[in-house]
Amino acid sequence: MKQVALPGGEQVPALGMGTWHVGDHAHTRAEEIATLQLGLDLGLRLIDTAEMYGEGASESLVGEAIRGRRDEAFLVSKVYPHNASLDGAVAACERSLRRLGTDRLDLYLLHWRGGVPLEETIEAFLRLQAAGKIRHFGVSNLDLADMEELWEVPGGNRVAVNQLLYNLSRRGIEYDLLPWLREHGVPVMAYSPIEQARLLRQPALRAFADRYGMTPAQAALAWLLQFDDVVAIPKTAQRERLRENMRALDIVFTPQQLTELDGIFPPPRGPEPLAML
């Protein structure tokens, strides 16, 4: 399994499992749990969730999937911006821990920026870290100006990741935000790496994948996996799809193939507003 180093040196899998909309429907629950458990079996031990996902339903499902296997998983969850105050983040974290059936999170993220000052959110994260409730903390959906502001906040330069919408069709961060993150040693956690399946229907990507004997999903994931500081977290709800995703780890693009993909999905030529889903 390819690994990505967090700022403190800890290694996490470059390919993890997202859970947005996982846990929403009772009739798919058994397969979703089996998929997460298969992922752990195969080394996809990073599981990303959030209190927002199904208002806790995703966390509860993840907790069931990892029961008895907590130490095999690297658990990531996220706090709502309106809960990211000094007391609110602590209470929200406790609720997430109860739903997940664990005493700690490996990584706790601010889901996006809201009205609570970043300084207050970071202070809450530091308190949770000191109490052993979270091991690392980070942010999600913060743009360049937000990150520059965060870096001036006490403890803000200790963030482990910035979780961002990043895929072949969403390359805007490459112009300014991604270079800044790399300069400051902050990895990217790429959510919606196949654009909620929309990339699978893109004719040029389908033709590219067919030409080289891979699926569109594998091509999209392999493109992200080429980077040493990007973790991809595709949503996984079916075991067969998870196995398909895993095979992306075996793909190494040639310079010619990367040039072809740049032609289909051009990199940004200037600054762009931060994309979010």
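In the predicted model, His111 touches Ala50, Met52, Tyr53, Lys78, Val79, Pro81, Ser140 and Asn141, when residues up to four places away in sequence are not counted. His111 itself lies in the loop that runs between strand 6 (105-110) and helix 4 (118-130). With a relative accessible area of 6%, His111 is buried, because the cut-off for that class is under 20%. According to the unreviewed UniProt entry, the annotation "binding site" covers His111, although such annotations may be inferred rather than shown by experiment.

Val79, one of the residues in contact with His111, is also touched by Phe125. Beyond the residues up to four places away in sequence, the contacts of Phe125 further include Tyr108, Leu109, Leu110, Ile134, Phe137 and Gly138. Phe125 and Tyr108 both belong to the largest nonpolar core, which holds 88 residues, and together with Ile47, Met147, Tyr166 and Phe253 they touch the most other members of that core. The element that gives the most to this core is helix 8 (residues 216-225), with eight residues.

Helix 2 (residues 57-65) offers a further view of the packing, since Ser58, Glu59, Leu61, Val62, Gly63 and Ala65 are buried within this helix. The elements against which the buried residues of helix 2 pack are helix 1 (29-42), strand 4 (46-48), strand 5 (74-79) and helix 3 (86-100).

Gly16 is found in the loop between strand 2 (11-13) and strand 3 (17-18), and with a relative accessible area of 1% this glycine is buried. Leaving aside neighbours within four places in sequence, Gly16 is in contact with Leu46, Ala232, Ile233 and Pro234. Gly16 and Leu164, which are 148 residues apart in sequence, are 14 Å apart in space when taken from C-alpha to C-alpha.

Two glutamates have a positive phi although neither is a glycine. For Glu55, which lies in the loop between strand 4 and helix 2, phi is near 50°. For Glu195, which lies in the loop between strand 9 (188-191) and helix 7 (203-211), phi is about 55°. The surroundings of these residues contrast in accessibility: Glu55 counts as exposed at 57% relative accessibility, whereas Glu195 is buried, with a relative accessible area of 5%.

The largest pocket contains about 530 Å³ of space. Of the 28 residues that line this pocket, Trp20, Ser192, Gln196, Pro234 and Lys235 are the closest to its centre, and Pro234 is also one of the residues in contact with Gly16. When the lining of the largest pocket is divided by class, 13 residues are nonpolar, 11 are polar and four are charged.

The second largest pocket contains about 190 Å³ of space. Its lining is made up of 14 residues, and those that lie nearest the centre are Gly172, Glu272, Pro273, Leu274 and Ala275. By class, the lining of the second largest pocket comprises seven nonpolar, two polar and five charged residues.

Conventions:
Residues numbered from 1 in each chain as written. Predicted model: local features only at pLDDT ≥ 70, side-chain atom pairs only at ≥ 80, totals over all residues. Heavy atoms only, no water. Helix = DSSP H or I, 4+ residues; strand = E, 2+ residues; numbered from the N terminus. Buried < 20%, exposed > 50% of the residue type's maximum accessible area, 1.4 Å probe, protein only. Contact = heavy atoms within 4.5 Å. Core = buried A, V, L, I, M, F, W, Y, C linked by side-chain atoms within 4.5 Å. 1 Å grid on protein atoms, 1.4 Å probe; cavity = no way out; pocket = protein on both sides within 12 Å on 5 of 7 lines; lining within 4 Å. Points joined across faces, edges and corners; volume = space filled by probe spheres on them. Nonpolar A, V, L, I, M, F, W, Y, C, P; charged D, E, K, R; others polar.
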